[in-house]
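Colleague: Before I use this model, could you take me through the terms you apply to it, setting each value against its definition?

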Amino acid sequence: MKHPVALALAALLCAAASASGAQLDGASAETGPATGLADSAALRATVFGTAPQDVAPLPESVPLAEINIALPWVRTVPDVFWFDRRLRVWFSAQNKPAPLAIVISGIGSDGNTAKLSTLRAALYGAGYHVLTMPSPTFPGFIVSTSTTGVAGDLQQDGRDLYAAMQQIIAHLPRRVEITDIDILGYSLGGANAAVVKSIDAVEGKLKIHRAVMINPPVSLFNSVARLDKLFAISIGSADSGVERLYRRLYTRLANLYRMSERVPNDDTDLLAAAASVLKSDADFSAAIALTFRIALMDMFFAGDLYAGTGVVIDPRHPPRPGDSLEETARILRGKPFADYFAQVFAPYYLAHRPHSTPESLRADSNLAIMGATLRSNPDYYAQTNSDDLILDKPELEWLQATLGSRIAVYDHGGHLGNLGERRQISDMLDMLSGHWRESGQ
Amino acid sequence: MRVALCLCFAVWALDGCASQELSIRSLPPETPAADNAAAIKNAAALAAVATAASHGPAAEESEHAVIPLTTADAPSMYSYDPWERVNRFTYRFNARFDEAVFLPVAYGYGRLPAPIRSGVHNFFRNLDEVKTIINYAVQLQPAAGAHSLGRFLINTTLGIGGLFDVATKFNLESEPTGFSMTLSRWGLHPGPYVVLPLLGPSTLRDSVGLLADFGVAYGINLADLYRGDKTWAFGVVDAVDQRANTSFRYYATGSPFEYETVRFLYVHRELIEDDALHVKDQPKVRDVDKPAGQ
């Protein structure tokens, strides 16, 4: 059984998971073409994440349970998604009455990523029950929970998340006593968290107290457009670009082992090797862009299947579990988010939402539509970085102007590259407990 | 007949597990503080290796002999999978079996005290040294064989029958090999991708290697462990130990493309292994139009 090793290789291509702390000396020797979207430090931080020696103190032990729940409104599950019928979330319970922190994952990710694990540990250590949830753009969520099957609409995704949270909390063991509920999320999950809190403000079913957005986008569409641009610059369009990238990385990794005359013998070994073959800005950019594209492929596939838009799936002959999806994957690798919007998302929502236009759909997925709430309600907080590559300058300024003293902007970290650092964690806990301003910010 | 009945029951049981409305499964606790401490140590070790590699003479010396690959030598991105339909079915069966039987047992095992688990783990890995020694012998790698023989002798004696991995403490790290690697040294390609029932992703060469290694272990029958009913008990404990030490989770990706992803990673990892084993040969000539492994 060599699964973990195999997944370590995934890190070669998805690098985001390879936060093995392998900040090797000399790794910056090569520099690639500038992307113009982020500087070298931001790209590097985004890929490698927080170095282990900079991580905030974490508890020795964190209890963990996995909850699988079939939601009453689940739609007919397509054969090809047979494994995603139930929503899967993770829960860590205190053995005393405590506030609950709900944490939402980033785009395309499940509810138990390494980043969530860090946040879970920090929150549990600070005395919270912790519930970690997948992103509404994660295929497991789209199939088990989404009422539309077409992910990416902030309001719709927020409503689906909110409904799922109520079901989960109602099914928690009786011994779990919840005194208060706060909500957080990173990346797209940050925007999701804010929207869920705003929905709850109207419906009042959970009485969510505070929300903290960690490296959120302002406009979902602007942010993903930046990632698509990163893909086009660092990998090129479509198939040949991915093939070139693959050849480059395969050769480097194989040569690394040839030079050292040994065979990769365990997963940490291969993981470290995979991380160390990423050297230039172009490599980092490609790794970030490809990670995002892989997430988009799943979302695109599910959306096309549910909406029946027929871009890669023939609605009359949907794929069966025994069918090869290699060709479908190949086509989807070449499709940017703009195609998802134009070919799946917009056709679906324009048909289902009277009086909507493509422009109104874009506006609906911009935090600006809840700008007034963010400005006046003291319970919304954010943390971001001045070099976060999913924000442009006007967007960062808008966040600062809107949240005022309730935002912390760090001078490093790129996108999520400082998540788990001492400062980020202590500020986050201050925000959640309402002590943020008192701590002198 | 009895086998057929058992299979029917298994399929029914697996179906039943998947249709439950709510399940709360408690997992072994996470240990973030210890994990981070290990990561710090790891990073320091890596940095040391990198510094040594960039300054040491060893790297230069070996460069004379090693023929570096160029991007043209990389195998195709696609994998050779002529038995895809059966493989996909097996993959799906494995996922269900894992969810319903294998994982719950492994999680239960994970709650045993750590010294017991490491004892069991060391014991089985020590048994594996036997096949490692034999394969190094067949591969004509006396140094590596002696290394593994040393490990085996130390761990079997000082390590009380293999329960403690004393050798690693003496800086004799484990360097396992198997018949699949022997075949690779002899120049055999991985062949088609195969998903083995219960065991998971493999290739034809790996499957043959697995079978041969087991055959040899069975033939040697060390300490009479490979005969009679206890063989099954040992096999099950070994499997549970391996599962508990493997973090892979079927369909954790939630993705419809998981089968393709795992296949790509498995086959290409094996090809990298191949390339690493044949450093002094001219790179293999690969037909880029043919899927990797064909």
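Colleague: What makes you say that A:R293, A:M297, A:F300 and A:F301 in α10(A) meet residues of α11(A)?

Modeller: Two residues are in contact if their C-beta atoms, placed from the backbone, lie within 7 Å, and by that rule these four residues of α10(A) meet A:T328, A:A329, A:L332 and A:R333 in α11(A). By class this contact has 5 nonpolar, 1 polar and 2 charged residues, where Ala, Val, Leu, Ile, Met, Phe, Trp, Tyr, Cys and Pro count as nonpolar, Asp, Glu, Lys and Arg as charged, and the others, Gly among them, as polar. Please bear in mind that this is a predicted model, in which local features need pLDDT of at least 70 and side-chain atom pairs count only at pLDDT 80 or more, while totals for chains, interfaces and linings use all residues. Residues are numbered from 1 along each chain as its sequence is written, and chains are lettered from A and ligands numbered from 1 in the order in which they are written.

Colleague: Why is the crossing of α10(A) and α11(A) called right-handed or left-handed?

Modeller: A crossing is left-handed if the near helix is turned anticlockwise from the far one by less than a right angle, and right-handed if clockwise; the crossing of α10(A) and α11(A) is right-handed. Helix α10 (281-307) and helix α11 (326-333) of chain A pack at about 120 degrees, with axes 9 Å apart, the axes being lines fitted to C-alpha atoms, for helices over the stretch in contact, and angles running from 0 to 180 degrees between N-to-C directions.

Colleague: What makes α6(A) largely enclosed by the rest of the structure?

Modeller: A residue is buried if 20 or more other C-beta atoms lie within 10 Å of its own, exposed if 12 or fewer, and partly exposed in between, with C-beta atoms placed from the backbone. In α6(A), 12 of the 16 residues are buried, so this helix is largely enclosed; among them are A:L188, A:G189, A:G190 and A:D200. Helix α6 (188-203) of chain A lies across β3, β5, β6 and β7 of chain A and runs at about 160 degrees to β6(A).

Colleague: How do you know that the reach of α6(A) is close to the expected value?

Modeller: The expected span of a helix is 1.5 Å times one less than its number of residues; for the 16 residues of α6(A) that gives 22 Å, and the helix reaches 23 Å from its first C-alpha to its last. Just after α6(A), A:G204 takes a positive phi of about 65 degrees.

Colleague: Why is B:N171 called exposed or buried?

Modeller: B:N171 has 6 C-beta neighbours inside 10 Å, which places it in the exposed class. B:N171 sits in the loop between α7 (166-169) and α8 (179-185) of chain B, and its phi is near 65 degrees, a positive value in a residue other than glycine. Most residues other than glycine have a negative phi. B:L198, in the loop between β2 (193-196) and β3 of chain B, also has a positive phi of about 65 degrees although it is not a glycine; with 13 other C-beta atoms within 10 Å, B:L198 is partly exposed.

Colleague: How do you know that β1(A) and β1(B) pair?

Modeller: Helices (H or I, at least four residues) and strands (E, at least two) are DSSP runs, numbered from the N terminus, and two strands pair if DSSP finds at least two bridges between them. Strand β1 (62-69) of chain A and β1(B) pair in the antiparallel sense over 7 bridges, with A:I69 opposite B:L22. β1(A) also pairs with β2 (87-92) of chain A, antiparallel over 5 bridges, and there A:N68 has A:R88 as its bridge partner.

Colleague: What makes β8(A) and β1(B) the edge strands?

Modeller: The open sheet of 9 strands has the order β8(A)-β7(A)-β6(A)-β5(A)-β3(A)-β4(A)-β2(A)-β1(A)-β1(B), with mixed pairing, and β8(A) and β1(B) each pair on one side only. The twist averages 20 degrees from one strand to the next.

Colleague: Which element gives the largest share of the side of chain B that touches chain A?

Modeller: The contact takes 69 residues from chain B and 72 residues from chain A; on the side of chain B, the largest share, 13 residues, comes from α2(B). That side divides into 37 nonpolar, 18 polar and 14 charged residues.
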